[in-house]
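Visitor: I have some labels to query. Please show me the model, then let me ask how each label is earned.

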Amino acid sequence: MSHNIVLLPGDGIGAEVIYAAKDVLEAISKKYNRTFQFSSYDIGGVAIDQHGTPLPDETVEACKQADAVLLGAVGGPKWDNNPSDLRPERGLLGIRKALDLYANLRPVKGFPKLLHASPLKEEIIQGSDLLIVRELTGGLYFGQPSERIDNGNAVVDTLSYTKREMERIIDKAFQSAALRNKHLTSVDKANVLESSKLWREIVEEKKSEYPDITVEHVLVDAAAMKLITNPTQFDVIVTENMFGDILSDEASVLTGSLGMLPSASLAEDGVGLYEPAHGSAPDIAGQGIANPVAMILSSAMMLRYSFDMNQEANEIEVAVESVLNQNYHTADLKNEHGTLVNTSEMTDLIVKAINQ
Ligand code: NAD
């Protein structure tokens with residue numbers, strides 16, 4: 001059986017890291033006798049330049065036909081002053097919507113060899129291993145109206161959710177917790193927001209369907225504090241779109257670098273999209289020094305969630321950890337005693353570890 005993987009390299013370091021992930025997947029394909037077929041399509045700034053739109057129809061079509069999608073990153077200063085419909089991020093929001101990707105899963109793990117690279121104290125982050133489950137399709141980022149009113153003297157953004165949108169993400173979080181350490185933290189602002197009150201009610205209702213899972217409710221402001229003062233208390237965190245956006249970036253400091261954080265965005269029955277948490281890093285683009293690990297770990301998530309290839313996914317994760325344990329690091333992971341490697345050297349080391 002062949003698996004059809006669409007690659008969306010995008011802009012900046014997106015293209016550099018996505019081909020690193022392809023190399024790693026090809027190593028897996030040889031070792032486990034799997035067939036992966038790759039095709040590449042434009043998204044983001046490069047698509048604006050080539051096709052006059054951040055999300056060409058042929059990209060959307062190819063993704064809908066794919067078994068899974070790997071995305072690098074979009075954006076860069078070249079397009080920063082474009083009108084809003086010609087911004088690279090439009091491509092990203094558009095493809096999430098077109099594929100109905102409602103659940104964003106972001107694992108955050110403090111690798112023992114990288115604890116020093118975090119701005120937080122080692123004793124605080126030691127042992128942290130959590131998963132943030134963020135709702136992707138509703139909330140403030142999509143609610144209408146969102147506009148200036150009263151001749152520009154006032155403004156309105158709308159936070160709207162359907163009950164169904166809340167239920168499916170909360171279910172996904174309970175299911176994710178069942179596969180991990182069986183503890184779910186639901187993050188909301190139920191002391192202020194009506195949407196959060198409904199969210200909390202649904203979590204309470206669903207609890208009885210998942211009797212093995214312990215549940216706690218934490219207000220988003222407290223969660224933001226606990227994430228960096230006591231991150232080991234978390235297993236799975238579930239929250240709505242904007243809170244998840246902010247908390248998942250905050251959680252990235254636990255790993256020491258954005259270059260280490262993978263993510264998966266899942267649809268109910270359709271194709272999954274896998275991408276690193278970082279952006280296109282224009283400051284280092286073209287230098288061949290980007291850390292490919294977040295993208296490579298995203299491809300491992302693809303194997304696990306879209307293709308049910310748990311063993312192969314584990315193989316990639318173990319290979320990454322073994323290379324880090326040998327003290328190899330890219331420039332973003334400061335390590336005075338280690339060996340500095342560039343993108344392709346890091347990729348080759350991971351491929352070698354898989355081939356061993
Ligand atoms: P960024 O994640 O691109 O970079 C932040 C910092 O982290 C930079 O110093 C960068 O060099 C470093 N960094 C990020 N990934 C790295 C990696 N793999 N290896 C080594 N260093 C890495 O965020 P930014 O600078 O705020 O945004 C740059 C552009 O990316 C903007 O146009 C923004 O809109 C876009 N962006 C895109 C996405 C996405 O495509 N999902 C996400 C965030 C930002």
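Guide: We will take the ligand site, then salt bridges, then a strand. Bear in mind that this is a predicted model.

Visitor: Which residues come nearest to the ligand?

Guide: Val74, Gly279, Ala281, Asp283 and Asn291 do, out of 20 residues around the ligand. A residue enters that group with a heavy atom within 4 Å.

Visitor: What is the make-up of the shell around the ligand by class?

Guide: The shell has 9 nonpolar, 7 polar and 4 charged residues.

Visitor: What makes the approach of Glu89 to the ligand a polar contact?

Guide: The cut-off is 3.5 Å between N or O atoms. A polar side-chain atom of Glu89 lies 3.0 Å from a ligand oxygen atom. That is within the limit, so the label holds.

Visitor: How do you know that His278 and Gly76 qualify too?

Guide: For His278, a polar side-chain atom lies 3.2 Å from a nitrogen atom of the ligand. For Gly76, a backbone N or O atom lies 3.1 Å from an oxygen atom of the ligand. Both distances are within 3.5 Å, so both count.

Visitor: How much of the ligand does the protein cover?

Guide: On its own, the ligand has 800 Å² of accessible area, and the protein covers 68% of that.

Visitor: Now the charges. How many salt bridges are there in the whole structure?

Guide: A search finds 21. Side chains of opposite charge can pair when their charged atoms come close.

Visitor: Why is the pair Asp49 and Lys78 called a salt bridge?

Guide: The limit is 4 Å between the side-chain nitrogen and a carboxyl oxygen. In this pair the closest N and O atoms are 2.6 Å apart. The pair therefore passes.

Visitor: What does that pair tie together?

Guide: Asp49 sits in helix 2 (residues 45–51), and Lys78 in the loop between strand 3 (68–73) and helix 4 (88–98). The bridge therefore ties parts that are 29 residues apart in sequence.

Visitor: Why is Lys78 called exposed, and Asp49 partly exposed?

Guide: Exposed means over 50% relative accessible area, and buried means under 20%. Lys78 has 58%, so it is exposed. Asp49 has 41%, which falls in between, so it is partly exposed.

Visitor: How do you know that Glu209 and Lys206 form a salt bridge?

Guide: Their N to O distance is 3.8 Å. The limit is 4 Å, so the pair counts.

Visitor: Which of these two is buried, and which partly exposed?

Guide: Lys206 has 11% relative accessible area, under 20%, so it is buried. Glu209 has 48%, between the two limits, so it is partly exposed.

Visitor: What makes Arg304 and Glu317 a link between distant parts of the chain?

Guide: Their side chains meet in a salt bridge at 3.0 Å, N to O. Arg304 belongs to helix 10 (residues 293–305) and Glu317 to helix 11 (residues 310–325), 13 residues apart. Arg304 is partly exposed at 21%, and Glu317 is partly exposed at 24%.

Visitor: Which residues are linked in a network of salt bridges?

Guide: Asp100, Arg164, Arg168 and Glu268.

Visitor: Last, what makes both faces of strand 10 covered?

Guide: Val236 and Val238 are buried on one side of the strand, residues 236–239. Ile237 and Thr239 are buried on the other.

Visitor: How do you know that strand 5 and strand 8 each pair with strand 10?

Guide: Pairing needs at least two bridges. Strand 5 (residues 129–135) has 4 with strand 10, running parallel; Arg134 partners Thr239. Strand 8 (residues 183–188) has 3, also parallel; Thr185 partners Ile237. Both counts reach two, so both pairs qualify.

Technical notes. Residues numbered from 1 in each chain as written. Predicted model: local features only at pLDDT ≥ 70, side-chain atom pairs only at ≥ 80, totals over all residues. Heavy atoms only, no water. Polar contact = N/O pair within 3.5 Å; in protein donor to acceptor, adjacent residues only side chain to side chain. Areas by Shrake-Rupley, 256 points an atom, 1.4 Å probe, with all protein chains shown as cover. Nonpolar A, V, L, I, M, F, W, Y, C, P; charged D, E, K, R; others polar. Buried < 20%, exposed > 50% of the residue type's maximum accessible area, 1.4 Å probe, protein only.
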